[in-house]
Amino acid sequence: MAEKDLSPLSQTVIRGLNDKLYEKRKTAALEVERLVREAVACGDMTQVSRIATILTDEFAVSHNPNSRKGGLIGLAATAIALGKHINDHLSQLVPPVLACFCDQDSRVRYYACEALYNISKASRGKLLVFFNRIFDGLSKLAADPDPNVKNGAELLDRLMKDIVSESNSFDIETFMDQLRERIYTANPFVRQFLVSWVRALDSVPQFDVIPHLPLFIDGLFVILSDESKEIRKMC
């Protein structure tokens, strides 16, 4: 059977992205970054789309966890190489990364946080079309049992708060609906995550949180009964 055509990715890059060793996946990702930069410089966005499609279809959704890790680091490299040109490719880059937030392998979840962090840094406010799905994923990762995943999610969460704070188009109405759906959670980490978002939005002048208080204030009073002094103080 003939090998599948995955050009412009070479067999060396493909093997590297599939490798179990991080160093080899990283080396392959650097080559992906170079290929994307070359395509951008030539104005060949079709080539960029092909690379993103290969990274998703052949790696990020693979049954092999090492391949998924390779796909994620490759998508992160693609985002870095695209820079200001990333916005037209968000629909290709973001969904496969978000899908990996729920992966059974903790390292895959960590690399998903890292990949979305790089995508977010490059796209800033344009990423907010995916905010609801990102917020949903972060609310789950806030309670992740793996400390490295939680740390990666916290870095991404801080960046998302920065992006929202500088946006004039953030949909606070939809956010409040999401908050209301989650405010009665019993998980202390998710509680802390939700309260941190209320505080973050309340600190931004262009967002008026007060009119939305009836949607979540009862839940805040429930959180005030939490055993954690830190969480109670946040409220």
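These are exercises with worked solutions on a predicted model.

**Exercise 1. The core**

Task: State how many residues the largest nonpolar core has, and which have the most contacts inside it.

Solution.
- Step 1. The largest nonpolar core has 77 residues.
- Step 2. The residues with the most contacts inside this core are Leu9, Ile119 and Met160.
- Step 3. Helix α4, residues 65-82, gives the most to this core, with eight residues.
- Step 4. Take leucine 9 and leave aside its neighbours within four places in sequence. Leucine 9 then touches Ile14, Leu17, Val32, Leu35, Ile51, Ile54, Leu55 and Phe59.

**Exercise 2. A cis bond before α1**

Task: Find the two residues joined by a cis peptide bond, and place the proline.

Solution.
- Step 1. Recall the background: most peptide bonds are trans.
- Step 2. Serine 7 and proline 8 are joined by a cis peptide bond, with omega at about 15°.
- Step 3. Proline 8 sits in the segment before α1.

**Exercise 3. A positive phi**

Task: Describe the backbone and surroundings of arginine 124.

Solution.
- Step 1. Most residues other than glycine have a negative phi.
- Step 2. Arginine 124 is not a glycine, yet its phi is positive, about 50°.
- Step 3. Arginine 124 belongs to the loop between α6 and α7.
- Step 4. The relative accessible area of arginine 124 is 29%, so this residue counts as partly exposed.

**Exercise 4. Salt bridges**

Task: Give the number of salt bridges in the whole structure, then work through three pairs.

Solution.
- Step 1. Side chains of opposite charge can pair when their charged atoms come close.
- Step 2. A search of the whole structure gives 14 salt bridges.
- Step 3. Lysine 4 pairs with glutamate 58, with the closest N and O atoms 3.1 Å apart. Lysine 4 lies in the segment before α1 and glutamate 58 in helix α3 (residues 45-60), so this pair ties together parts that are 54 residues apart in sequence.
- Step 4. Check exposure for this pair. Lysine 4 is exposed, at 54% relative accessibility. Glutamate 58 is partly exposed, at 27%.
- Step 5. Glutamate 38 pairs with arginine 34, with the closest N and O atoms 2.4 Å apart. Both residues lie in helix α2, four residues apart, about one turn of the helix. Glutamate 38 has a relative accessible area of 42% and is therefore partly exposed. Arginine 34 is partly exposed too, at 37%.
- Step 6. Aspartate 177 and arginine 180 form a salt bridge at 3.3 Å, N to O. Both belong to helix α9, three residues apart, about one turn of the helix. Aspartate 177 is partly exposed at 32%. Arginine 180 is partly exposed at 39%.
- Step 7. Salt bridges with shared partners link Asp136, Lys140, Glu181 and Arg182 into one network.

**Exercise 5. A lysine without a partner**

Task: Decide whether lysine 150 is buried or exposed, and find the nearest side chain of opposite charge.

Solution.
- Step 1. Locate the residue: lysine 150 is in helix α8, residues 147-165.
- Step 2. Lysine 150 is buried and has no salt bridge.
- Step 3. The nearest side chain of opposite charge is glutamate 154, 5.4 Å away. A salt bridge needs the nitrogen within 4 Å of a carboxyl oxygen.
- Step 4. Leave aside neighbours within four places in sequence. Lysine 150 is then in contact with Leu141, Ala142, Asp144 and Phe189.

**Exercise 6. Packing of α7**

Task: List the buried residues of helix α7 and some of what covers them.

Solution.
- Step 1. Helix α7 spans residues 131-141.
- Step 2. Its buried residues are Phe131, Ile134, Phe135, Gly137, Leu138, Ser139 and Leu141.
- Step 3. The cover over these residues includes α5, α6, α8, α9 and α10.

**Exercise 7. Tyrosine 22 and a surface patch**

Task: Place tyrosine 22, then name the residues of the nonpolar surface patch of about 270 Å².

Solution.
- Step 1. Tyrosine 22 is in helix α2, residues 22-41. At 33% relative accessibility, this tyrosine is partly exposed.
- Step 2. Beyond neighbours within four places in sequence, tyrosine 22 contacts Ile73 and Tyr111.
- Step 3. Tyrosine 22 and isoleucine 134 are 112 residues apart in sequence; their C-alpha atoms are 26 Å apart.
- Step 4. Turn to the patch. Ile217, Phe221 and Leu224 make it.
- Step 5. Isoleucine 217 lies in helix α11, residues 213-223. Isoleucine 217 is partly exposed, with a relative accessible area of 33%.

Methods
Residues numbered from 1 in each chain as written. Predicted model: local features only at pLDDT ≥ 70, side-chain atom pairs only at ≥ 80, totals over all residues. Heavy atoms only, no water. Patch = residues over 30% accessible without salt bridge, like charges linked within 9 Å, V, L, I, M, F, W, Y side chains within 5 Å. Areas by Shrake-Rupley, 256 points an atom, 1.4 Å probe, with all protein chains shown as cover. Buried < 20%, exposed > 50% of the residue type's maximum accessible area, 1.4 Å probe, protein only. Lys, Arg positive; Asp, Glu negative; His and termini not counted. Contact = heavy atoms within 4.5 Å. Core = buried A, V, L, I, M, F, W, Y, C linked by side-chain atoms within 4.5 Å.
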